[in-house]
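Ready to practise reading a protein structure? Work through the exercises below, trying each task yourself before you look at its solution.

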Amino acid sequence: MWTVGGWIVICALVWGVSLYSAQRLHDAKAFFEHALAKTGIVTVEWNGTAYRVDGGIVYREQELIDAPGSALPVLELAYKKVSADYSPILAIPGEDTAKLRIAIEKLAQTQNEIAVSQATPSSARAVDDLFPIPFLSALVGAEDARRSFIESGKDTDASRYDDALRSALAAYESSLSRFRRSLVSTVSDTSTVYAASDAIVSKQTIVSALSQLHDALLAARSHIRSRTDCVRGIIHACDTADLSYPTIILPPPVKVGPAALSTTHEIQRLLASAYKDPQVENAPLVALSDSVCASGVPGKPIFTMYTGVVGGEPLLTPLPLGDIRLFRIGSSSTPFLQYFTSHGVMYLWHSPFTHYKCLRIQSDTSKIIAVIAVRALIGESPLSEYAKDAATVSALRGLEQTIVGGAVLQEADAIRYLSLAKNLRGSLPGNIAERIITLTLQFKYNTGGLEDTVRKIAVGEHANQTLSLGGVPTDPSAPRLFFSDSGFIPLFLGDNGSLIGTARELMPPNTLSPTNEPYVYYSTMPQTLSGSQTLIHDIMFFNDLYANLLPPF
């Protein structure tokens, strides 16, 4: 039987536990109120009821909700929503996910084509691991779930996002492991090292990059676990940096003088003729402050986006316009190059914007697309209309005039414009504010145009496969595909800051001087009519070869 003293002890323990729990609720509520104090108004829906968190204070319509037990779940949900919006993990802000799904389907189709063409069953099985199709599909699902949660603020959508993100992480780990296993077993340890535009490539450097990607995956998983613990009341697991409005380091502008601009216009006219498309001459020019794919090129890093045709399929791709890198074929004994020589081709255009010539193709592509998107934003909703103080109005209008009316769109100007938008958060309509966040994250995470990169890899490898079947001497073997044509860096988000963070180079950079590489550059060639006609013929032949492939994709 219980004694009076025993009951007193039990009651004291229960009272102590209740007091401790009440204190924890109070402390957690105070933490989240303080953390959300500067995030503006956040709307969420908890258990079917709409709430507003304004300056860290919870309201249900106009009613203040102050009781810790009622306010805390709402505050935790608001914290989770802002983190998903401002600091997402394994995310692809700005992507057209519907188009990305189609691109992934085409990538899977290409992978199947390549597998069927392999000489041995083991090579065919290896090619099944060439592209991370399951991960990419799960990634799209996670991004769609993230956007649904940000739009609705519902606790049910938050749960769906959690599940989708866990699925994407698991698919990433599985796809990465399978790719690494097949690469190690397929590619020889003595494969010849080659220099891409941005990296020195060997089997060893690829394996090292894959190890770094796996480390990034583990770090992302740990970060997600900490966020989950945080919104479950484990305050020491929280990192309020997750609530910080996204910012970008402002890069220096590119100095584009009259001579450089003249060369750019010459190249525009030359490519317009070679592509048989006058729109190339009228395309917007974008100067990147720090190009990955055009590093080492003598000319300025000036580009545009162009929709060409490969295998009957429209394909959006960057065009380098500041300079052109060319390979002089000469008397090469390589069968592939001899094919072009036999058709009167002297120069092979070495466009850096293929996944095997520039492994970090997504980095430049995303920035070019983001700069053009900022100009489109100005045309539709200039931010100066929402500014209130004279200094901000003046700064925004000056940038709007420069970006819309300048001869060359500068990456630095676009980023400066988005940075000024941070001061307008309370004045912007919801759709414009979210668009600004998305564009900022596109710059920060290198996510714009992933659907175009995936499609480019799918169409490009389909084209190489078709050329091989048509008698053009390409090499569709599994070892070459895993060594040079896998596109593993963009497909495993090797340039995506929401996974790998910033300032990380997975592969050793190509530090060779242009004089030590087998290329010539337009900017250093004598500019003669016959020389231009030769280049137009050679580039046109190459483009027509790929554009008119049969069967089409």
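**Exercise 1. The largest pocket**

Task: Find out which helix gives the largest share of the lining of the largest pocket.

Solution:
- Step 1. Keep in mind that you are looking at a predicted model. Here α16 supplies the largest share of the lining of the largest pocket, with 4 residues.
- Step 2. Now look at the other contributors: β5 (194–195), α10 (335–341), β11 and α19 (529–547) are, like α16 (478–484), among the elements that each supply at least two lining residues.
- Step 3. For the middle of the pocket, 29 residues form the lining, and those nearest the centre are Phe-336, His-350, Tyr-356, Lys-357 and Ser-484.
- Step 4. Sort the lining by character: it divides into 16 nonpolar, 8 polar and 5 charged residues. The space in this pocket is about 1000 Å³.

**Exercise 2. A closed space**

Task: Describe the largest cavity and say which elements line it.

Solution:
- Step 1. Begin with the count: the model has 6 cavities of 30 Å³ or more. The volume of the largest cavity is about 190 Å³.
- Step 2. Next, list its walls: Tyr-79, Lys-80, Ser-83, Ala-84, Ile-89, Tyr-161, Asp-162, Leu-165, Ile-224, Arg-227, Thr-228 and Val-231 line the largest cavity. Two or more residues of this lining come from each of α2 (68–86), α6 (155–186) and α7 (203–230).
- Step 3. Find the main contributor: α2 gives the largest share, 4 residues.
- Step 4. Sort the lining again: 7 residues are nonpolar, 2 are polar and 3 are charged.

**Exercise 3. Checking the length of a helix**

Task: Test whether the span of α2 agrees with the expected value.

Solution:
- Step 1. The expected span is 1.5 Å times one less than the number of residues. For the 19 residues of α2, that rule gives 27 Å.
- Step 2. Compare this with the model: the end C-alpha atoms of α2 are 26 Å apart, which agrees with the expected span.
- Step 3. Add the surroundings: 15 of the 19 residues of α2 are buried, so this helix is mostly covered.

**Exercise 4. A small sheet**

Task: Work out which strands stand at the edges of the sheet β11-β10-β13, and why.

Solution:
- Step 1. Read the order: this open sheet has 3 strands, β11-β10-β13, and the pairing is antiparallel.
- Step 2. Count partners: β11 (347–349) and β13 (520–521) each have a single partner strand, so one side of each has no neighbour in the sheet, and these two are the edge strands.
- Step 3. Zoom in on one pair: β10 (residues 325–328) and β11 are joined by 3 bridges. Arg-328 has Tyr-347 in β11 as its bridge partner.

**Exercise 5. Buried, partly exposed or exposed?**

Task: Classify Asp-413 and Glu-173 by their relative accessible area.

Solution:
- Step 1. Recall the cut-offs: buried is under 20%, exposed is over 50%, and partly exposed lies in between.
- Step 2. Asp-413 has a relative accessible area of 12%, so it is buried. This residue sits in helix α13 (residues 411–421) and touches Leu-399, Thr-402 and Ile-403, leaving aside residues up to four places away in sequence.
- Step 3. Look at the whole helix: 9 of the 11 residues of α13 are buried, so the rest of the structure largely encloses it. The cover over its buried residues includes α11 (361–380), α12 (390–405) and α14 (430–445).
- Step 4. Glu-173 has a relative accessibility of 27%, so it counts as partly exposed. Glu-173 belongs to α6 and touches His-214, Leu-217 and Arg-221, again leaving aside residues up to four places away in sequence.

**Exercise 6. Two positive phi values**

Task: Say where Glu-61 and Lys-276 are found, and what stands out about phi in each.

Solution:
- Step 1. Start from the general pattern: most residues other than glycine have a negative phi.
- Step 2. Glu-61 is not a glycine, yet its phi is positive, about 55°. Glu-61 is in the loop between β3 (57–60) and β4 (63–65). With a relative accessible area of 66%, Glu-61 is exposed.
- Step 3. Lys-276 also has a positive phi, near 55°. Its place is the loop between α8 (258–274) and α9 (279–282). At 53% relative accessible area, Lys-276 is exposed.

Terms used. Residues numbered from 1 in each chain as written. Predicted model: local features only at pLDDT ≥ 70, side-chain atom pairs only at ≥ 80, totals over all residues. Heavy atoms only, no water. 1 Å grid on protein atoms, 1.4 Å probe; cavity = no way out; pocket = protein on both sides within 12 Å on 5 of 7 lines; lining within 4 Å. Points joined across faces, edges and corners; volume = space filled by probe spheres on them. Nonpolar A, V, L, I, M, F, W, Y, C, P; charged D, E, K, R; others polar. Buried < 20%, exposed > 50% of the residue type's maximum accessible area, 1.4 Å probe, protein only. Contact = heavy atoms within 4.5 Å. Pairing = 2+ DSSP bridges.
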